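This briefing concerns the pockets of a protein model. The sequence and the structure are shown first, and the notes on each pocket come after them.

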Amino acid sequence: MKLKRIIIDLCKSKFVHNALTLIGGTAVSQVITFAASIVVFGFYYSDHELGTYAVFVMWMELAAIVTTGRYELTILLPDEDNDGFNITVLCIILSTFLSLLIFLCLALCYVLFESHLTTELKSWMLILPLA
């Protein structure tokens, strides 16, 4: 009897409703992304192109974490708008500076290791900091 009452109270809870809405929206977006990737990559691209894309995305995600320092997660935390704005400016400055630094490092690697790079990665390598 107590368990039934607890479940009924949980179903009426605003927190549970909001959490289930968030979980449901995330699940639907993941299903749409997965289905779209099967259609796009399954019919239009070869395995070799898909592998090149996967390598590029992996390096892009790593560069995004390094350049922003994950400060974008703290923008919504401050109580005052001015603090949030300052964190946003800090994130933009940090991202720009580190993207330029990564570009210079990649340009140096491009020159030093050009003979070891595949043709596809050569074309994507220097635009990585812009992604």
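The notes below describe two pockets and the residues that line them. The model is a predicted one. Its largest pocket has a volume of about 350 Å³, and the second largest pocket has a volume of about 170 Å³.

**The largest pocket**

- A total of 14 residues line the largest pocket.
- Nearest to the centre of the largest pocket lie Val55, Trp59, Leu106, Met125 and Leu128.
- Two or more lining residues come from each of α3 (47–68), α4 (81–112) and α5 (119–125).
- Among the elements, α3 makes the greatest contribution to the lining of the largest pocket, giving six residues.
- In character, the lining of the largest pocket consists of 14 nonpolar residues, with no polar and no charged ones.

**The second largest pocket**

- The residues that line the second largest pocket are Phe41, Tyr45, Glu49, Thr52, Tyr53, Phe56, Glu120 and Trp124.
- The elements giving two or more residues to the lining of the second largest pocket are α3 and α5.
- Here α3 gives the most to the lining, with four residues.
- By class, the lining of the second largest pocket holds five nonpolar residues, one polar residue and two charged residues.

**The role of α3 in the two linings**

- The element α3 gives the most to the lining of the largest pocket, and α3 also gives the most to the lining of the second largest pocket.

Methods. Residues numbered from 1 in each chain as written. Predicted model: local features only at pLDDT ≥ 70, side-chain atom pairs only at ≥ 80, totals over all residues. Heavy atoms only, no water. 1 Å grid on protein atoms, 1.4 Å probe; cavity = no way out; pocket = protein on both sides within 12 Å on 5 of 7 lines; lining within 4 Å. Points joined across faces, edges and corners; volume = space filled by probe spheres on them. Nonpolar A, V, L, I, M, F, W, Y, C, P; charged D, E, K, R; others polar.
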